[in-house]
Amino acid sequence: MKFAVKIFAAAYFAVVVTFGLGGCAMLETGFQQSLTARQQQAASSNDALCAAYHTVSQAGLPAYLAEGFRKQVSSDAGGSTTAVGGLDALQNEAGRLQAQQLEAGSRWACLMNTEAGWTYEMVSCLLENGQKVYVETTMDLTDLYADRAASYRLYRGVLLAVALASSGFLALTSARLARPLGRVSEAARRIAGGELSQRVPVGRGQDEVALLARDFNQMADAVETQVAQLEAAARRQQDFVGNFTHELKTPLTSIIGYADMLRSYDLPAAERREAAEYIYREGRRLESLSLHLLDLLVLEKTECDLQPVQAEHLCAEVEQATGFLAKKYGVALSVRCQPARILVEPTLVKTLLYNLVDNACKASTTGQKVVLRGRMKDGRYELSVRDYGRGMAPEELSRITEPFYMVDKSRARSQGGAGLGLALCKRIAALHGSPLAFASRPGEGTLAGFAAQLAPEKAGPPHEEVQP
């Protein structure tokens, strides 16, 4: 059963039952009140007649007057008739039967339905000179029951009209209430079918259906984002495997070819040395590749143990370790570091800065400058490397931290690169709670760096800091 049908059935049942029972209760309550009032009127008439008869009896009227009073039968404007006398004076057969069993001072009352209609009869028994005298009051209630029947007929018509009107209104309302749920269901089916951009229209209301639509859209956004991330991760993994295979295949093919030449032919000494040199160089590149891969896998499962270090000492260590790179590529290395205590893992940060300086030297031409800088910025300590070399386009800048990605593959391979250095740097920066940021323009150079945490101020007795 559809939700709209359930809403309609529940609401329709509630409306019809509530209106029906409520109307019946109201009509019956009004009828009972009218019936009680008429019965009380009959009782009042009977009491008044009993009191009048008692007064007449005590007054000692002449016999013919008293006898006339006892046989009196009268009718008042309220529709009740009264009679006083013996059993033969009572007008109703049922009243005469019950009067025979009455004791003096007692009363009998009954609501009766006869062929003539509904009546209410009351008989009181009095004792006069040792004889029983009966005071009878009969009230015709046929009109009251006729009014009730007419009211019920009218109410049944009203109930039928309400049922018909409410059925149409509730059908439209239930369909409108269930329509947003149908949209959510349709959107869910489309998303399951691969249309991850499908969303549900959200109104301005704050009811549960509107909240459900908003929550569904948020869930769909999260699912789309996660699927996109998984697809990107799958592409990166596929690229990683392809690039890794290619990086292995190229040197291995050369090594196997030159080794086969050395094995199969008697080459001159110069050619043998050239082949051996090529095998050695490619073997070293494979060794570097394997070591970088190992470092990358280890860093993926590493948690960084941060220690307080003097930033200027750390930069001086990096300057000393990269001095030979500056001489090799003919660039001028400049180090400008503000004194500060920072929380880092010294060995990993030196590896990161070494790779950044190495990349900056490779991207520069002879005579250009490379700057290693450390400074306070926004409550952290920024370590960056700046070169003024070739620079990179935006589409290249977004991929340089992917494993095996190289802007200029032929140049990188000739310089011994494998495209893993920046991937390691990105992971090291992440271990220090910072992204590895880049800014570059073609022909203007590249800026790369990350922000380290500041060490808290010293407290208590001085202690020796960890040396980088």
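## Exercises on a predicted model

**Exercise 1. Determine whether Thr446 is buried or exposed, and describe its surroundings.**

In this predicted model, Thr446 has a relative accessibility of 8% and therefore counts as buried, since the cut-off for that class is under 20% relative accessible area. The next step is to place the residue, and Thr446 is found in strand E12, which spans residues 445–454. Turning to its partners, and setting aside neighbours within four places in sequence, Thr446 touches Val385, Arg386, Asp387, Gly391, Met392, Phe438, Ala439 and Ser440. With one of these residues, Ser440, the side chain of Thr446 also makes a polar contact of 2.8 Å.

**Exercise 2. Describe how helix H9 packs against helix H12, giving the distance and the angle between their axes.**

A pair of packed helices is described by the angle and the distance between the axes. For H9 (residues 346–363) and H12 (residues 421–431), the axes come within 9 Å and cross at roughly 140°, and the crossing is left-handed. The residues that meet are, on the H9 side, Leu348, Val349, Thr351, Leu352, Asn355, Leu356 and Asn359, and, on the H12 side, Gly421, Leu422, Cys425, Ile428, Ala429 and Leu431. Sorted by class, this contact between H9 and H12 comprises nine nonpolar residues and four polar ones, with no charged residues.

**Exercise 3. State how many aromatic pairs the structure holds, and work out the geometry of the pair formed by Phe19 and Tyr155.**

The structure holds five aromatic pairs. One of them joins Phe19 and Tyr155, whose rings lie 5.6 Å apart, centre to centre, with 15° between the planes; because planes under 30 degrees apart count as stacked, this pair is stacked. Along the chain the two residues are 136 residues apart, Phe19 belonging to helix H1 (residues 3–59) and Tyr155 to helix H4 (residues 142–192). As for accessibility, Phe19 is partly exposed at 31%, whereas Tyr155 is buried at 10%.

**Exercise 4. Classify the ring pair of Trp118 and Tyr145, and identify the cluster to which these residues belong.**

The ring centres of Trp118 and Tyr145 are 4.1 Å apart and the planes stand at 10°, so the pair is stacked. Because Trp118 lies in strand E4 (residues 117–128) and Tyr145 in helix H4, the pair ties together parts that are 27 residues apart in sequence. Trp118, at 26% relative accessibility, is partly exposed, while Tyr145, with a relative accessible area of 13%, is buried. Finally, ring pairs link Trp118 and Tyr145 with Phe31 into a cluster.

Terms used. Residues are numbered from 1 along each chain as its sequence is written. This is a predicted model: local features need pLDDT of at least 70, side-chain atom pairs count only at pLDDT 80 or more; totals for chains, interfaces and linings use all residues. Side-chain values use heavy atoms; hydrogens and water are left out. Axes are lines fitted to C-alpha atoms, for helices over the stretch in contact, and angles run from 0 to 180 degrees between N-to-C directions. Helices (H or I, at least four residues) and strands (E, at least two) are DSSP runs, numbered from the N terminus. A crossing is left-handed if the near helix is turned anticlockwise from the far one by less than a right angle, and right-handed if clockwise. Contact means heavy atoms within 4.5 Å. Ala, Val, Leu, Ile, Met, Phe, Trp, Tyr, Cys and Pro count as nonpolar, Asp, Glu, Lys and Arg as charged, and the others, Gly among them, as polar. Buried means under 20% relative accessible area, exposed over 50%, partly exposed in between (1.4 Å probe, protein chains only). A polar contact is a pair of N or O atoms within 3.5 Å; within protein, one must be able to donate a hydrogen and the other to accept it, and residues adjacent in sequence count only if both atoms are side-chain atoms. Rings of Phe, Tyr and Trp (its six-membered ring) pair if their centres lie within 6.5 Å; planes under 30 degrees apart count as stacked, over 60 as edge-to-face and the rest as tilted.
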